[in-house]
Every structure is written in structure tokens, then in C-alpha cells.
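Colleague: I am new to this structure and would like a close look at one part of it, the place where charged side chains are paired inside the fold. Please take me through that part slowly, explaining each term as you come to it, and then lead outwards to what lies around it.

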Amino acid sequence: MFEVIKKGFETSVQDFPGRIGFWNQGFPPSGPMDSWSFRLANLLVGNQPGAAGLEAQFIGPTLKFHDDTVFAICGADMGPKLDGEPVPLWESVAAKAGQTLEMKFCTLGARAYLAFAGGIKSEPWLGSQSTFHAAGVGGIDGHALQDGQKVELGEAKGKAGRKVKADARPAFATDKRWEIEVVEGPNDDWIDTAGKERFLTTDWKLSGKSARSGYRLEGPEWTFTEKATNKLPENGSDPSNIIDQGYPLGAINLAGQTPIILVNDGCSMGGFINPYTVPSAAFWKLGQSKPGDIYRFRKVSVEEAQALRRDLDKIASADSIE
């Protein structure tokens with residue numbers, strides 16, 4: 001068990017792959033934004049890669065251990081210290097009962113992942129322990145951790161000193177610039193040739209009005225094909241309006257002139273077009289970027305996106321632990 005001394009910023013319980021199969025009922029998958037780091041953290045402490053752990057956003061928590069355990073932190077660098085001594089990232093660490101783990105504001109990346117030997121014990125909701133903040137379900141009482149809460153851990157004996165191989169760790173941007181892969185569609189035929197070229201050759205800034213439900217981007221205006229401007233009235237008056245349709249996870253949802261990437265807690269349907277989709281293998285980059293960072297998008301085929309996901313799943317495996 002550990003006690004939450006300081007909650008950090010929206011530190012929440014997540015598991016991987018999250019809550020699958022209920023998006024048509026309004027419940028998105030949730031789960032970790034950066035599943036690469038999340039899975040490696042679990043493997044370091046001897047858990048299954050999808051076991052429930054913590055996602056800390058921007059500012060990490062302070063936790064007091066009530067029992068001996070082994071933990072690991074992967075992802076963003078939040079300057080973790082155990083009883084005042086620096087804690088290495090990408091490595092399993094032993095903690096004694098009574099010790100305190102303190103984390104601060106992230107200096108590299110945006111989200112840190114904490115895994116504990118045995119995983120976090122909480123009541124699954126629709127088959128997942130992942131926290132879905134908007135509906136108040138999953139995790140611990142349906143919300144981010146709060147000061148004073150006590151969180152139970154499963155029984156397991158982790159091994160300290162295990163490390164993620166250097167070439168198996170994600171490379172975070174150090175210049176606030178990220179290349180993000182995208183696949184055309186499902187509504188790319190609503191954007192004209194000039195609009196597509198502009199999207200792929202323009203710097204897009206991540207807005208501060210972003211969250212786990214959607215990443216709002218700031219950039220130039222879009223231009224449309226005749227299909228978007230000469231349409232039946234039931235499609236809506238704005239060129240980006242369409243009859244309500246299902247949204248894929250990762251869709252770049254064009255709300256008027258504002259593109260919003262629908263991420264882990266995003267909505268499943270609505271009346272806007274989605275000219276491009278960010279594949280799941282690129283989500284870790286979204287999860288580790290901060291407001292103000294710059295995205296440049298690179299078009300890939302569906303086959304390339306699938307290959308990227310297979311490569312990610314291979315590297316986020318036990319073969320990457322030494």
C-alpha cells in the first residue's frame with residue numbers, strides 16, 4: 001500500500017489497452033497516453049505489460065510507502081527522489097516501508113508512468129481499471145488521485161536493478177518539435193489539394209486548451225472541395241459539418257477551422273469531418289508533448305501505420321528489459 005501525500009496534476013490509475021469494446025456506448029478506451037513507456041515500466045517490476053499503474057501529467061505526486069515494494073518510473077523526467085535521493089528512470093527500484101517518493105514538474109516529456117510490483121488494486125469497470133475522468137468511472141473512485149488516499153497494491157516480489165535497454169527507450173523531443181504520422185481519411189475528400197498540402201507542410205502548435213479528450217491545434221485556415229460547400233442541408237451549414245458519423249480513435253476532427261486530435265478519452269461520434277487520423281503507434285508522441293510544442297505531420301499509408309504498431313508492440317516487450 002502507498003499513501004498519497006501530494007496528488008500532483010491529475011495523477012490517475014490506467015491500464016493497457018484500456019476499456020475496449022464500449023466506445024459505441026460512450027465509454028472510450030482511456031488507458032495510458034504513452035503506452036510504450038507504460039508497458040516498459042510494468043515489465044521492469046515483473047508485471048504483465050498491461051497491469052494497472054499510474055499516469056502522472058506535468059507534475060508528479062508524492063507517495064509514502066506503507067510496505068516494502070519495487071517500483072519503476074518510465075516516461076517524462078519529473079526529478080523523482082526517494083527520501084531525498086535521486087531515483088533513476090527506466091529502472092526498477094526497491095522501496096522500504098516508510099520511505100517517500102517525491103516527484104516534481106516534468107523537465108523532459110509530459111507524462112511519467114509509475115508501475116508497482118503486483119500492480120494497483122482497484123475495482124475494474126467494464127473490464128478495465130483505467131480512469132475515465134469525464135464519467136467518473138474506473139481507477140480509484142472514478143477520478144484522479146486525491147491527497148490522503150491510500151492505494152492498495154497486489155502481492156508480488158519485484159526485482160530491483162532491472163533496466164530498459166538504451167535502444168528500447170522512446171526518444172523525446174528536446175526542441176519542442178515533433179513529427180507526427182497521419183493516415184488520410186476517413187473524410188480527406190472534403191479537403192482540396194491546397195488544403196492538404198498546407199496541412200502537411202505547416203507547423204501546428206499544440207494549444208493549452210487540450211486534454212486527454214482532445215488535442216486542439218493552432219495553425220492556418222483549411223480550404224475545402226466542392227463536396228464540402230455544395231451539399232445537402234442535413235450535412236450542416238459549415239464546410240466541415242457532416243451528418244453525424246463515427247469517429248476513429250486518433251481522428252483529426254475539424255471543428256469549423258480548428259483541428260482537434262481525438263485521443264484516449266475522446267468522443268466516439270459527431271457532426272464534423274475527420275480528414276486525417278493519427279495512428280496508435282504515434283500516440284506516445286502526443287502523450288509526451290506539452291502545450292506550445294510544434295507538430296509537423298507526415299502522411300503514411302494504412303500499411304505503414306500497421307507496421308509501426310507492430311514495431312512498437314515488439315519493442316514494448318520483455319525483450320527490451322535487461
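Modeller: What follows starts with the paired charges and then moves outwards along the chain.

This is a predicted model, in which local features need pLDDT of at least 70 and side-chain atom pairs count only at pLDDT 80 or more, whereas totals for chains, interfaces and linings use all residues. Residues are numbered from 1 along each chain as its sequence is written, and side-chain values use heavy atoms, with hydrogens and water left out.

Side chains of opposite charge can pair when their charged atoms come close. The pairs discussed here are salt bridges, meaning that a side-chain nitrogen of Lys or Arg lies within 4 Å of a carboxyl oxygen of Asp or Glu, and by this rule the model has 16 of them. One of these joins Glu55 to Arg212, with 2.8 Å between the closest N and O atoms. This pair bridges distant parts of the chain, 157 residues apart, since Glu55 is in strand S3 while Arg212 sits in the loop between strand S13 (204-206) and strand S14 (214-218). Strands (E, at least two residues) and helices (H or I, at least four) are DSSP runs, numbered from the N terminus.

Are these two partners buried or exposed? Glu55 is buried, because its relative accessibility is 0%, and Arg212 is buried as well, because its relative accessible area is 4%. Buried here means under 20% relative accessible area, exposed means over 50%, and partly exposed covers what is in between (1.4 Å probe, protein chains only).

Arg212 also forms a salt bridge with Asp265, and there the closest N and O atoms are 3.1 Å apart. Asp265 lies in the loop between strand S17 (258-262) and strand S18 (269-277), and Arg212 in the loop between S13 and S14, so this pair ties together parts that are 53 residues apart in sequence. Both Arg212 and Asp265 are buried. Through shared partners, salt bridges join Glu55, Arg111, Arg212 and Asp265 into one network.

Gln57 brings a polar side chain into this picture. Gln57 lies in strand S3 (residues 53-57) and counts as buried because its relative accessible area is 2%. With neighbours within four places in sequence set aside, Gln57 is in contact (heavy atoms within 4.5 Å) with Phe9, Glu10, Met78, Ala110, Arg111 and Arg212, and Arg111 and Arg212 are among the members of the network. The side chains of Gln57 and Glu10 are joined by a polar contact of 3.0 Å, a term for a pair of N or O atoms within 3.5 Å in which, within protein, one must be able to donate a hydrogen and the other to accept it, while residues adjacent in sequence count only if both atoms are side-chain atoms.

Glu10 itself lies in the loop between strand S1 (2-6) and S2, and it is partly exposed because its relative accessible area is 37%. Most residues other than glycine have a negative phi, and most peptide bonds are trans. Glu10, although not a glycine, has a positive phi of about 50°. Further along, the peptide bond from Phe16 to Pro17 is cis, with omega near 10°, and Pro17 is placed in the loop between strand S2 (12-14) and helix H1 (35-44).

Phe9, one of the contacts of Gln57, makes a nonpolar surface patch of about 280 Å² with Ile59 and Phe105. Such patches consist of residues with over 30% relative accessible area and no salt bridge, with nonpolar side chains (Val, Leu, Ile, Met, Phe, Trp, Tyr) joined within 5 Å and like charges within 9 Å; the areas come from the Shrake-Rupley method with a 1.4 Å probe, and for residues only the protein chains shown count as cover. Phe105 is in the loop between strand S9 (100-102) and strand S10 (108-116) and is partly exposed because its relative accessible area is 48%.

Leu63 lies in strand S4 (residues 62-65) and is buried, because its relative accessible area is 0%. Apart from neighbours within four places in sequence, Leu63 has contacts that include Phe2, Val4, Leu54, Leu101 and Phe116.
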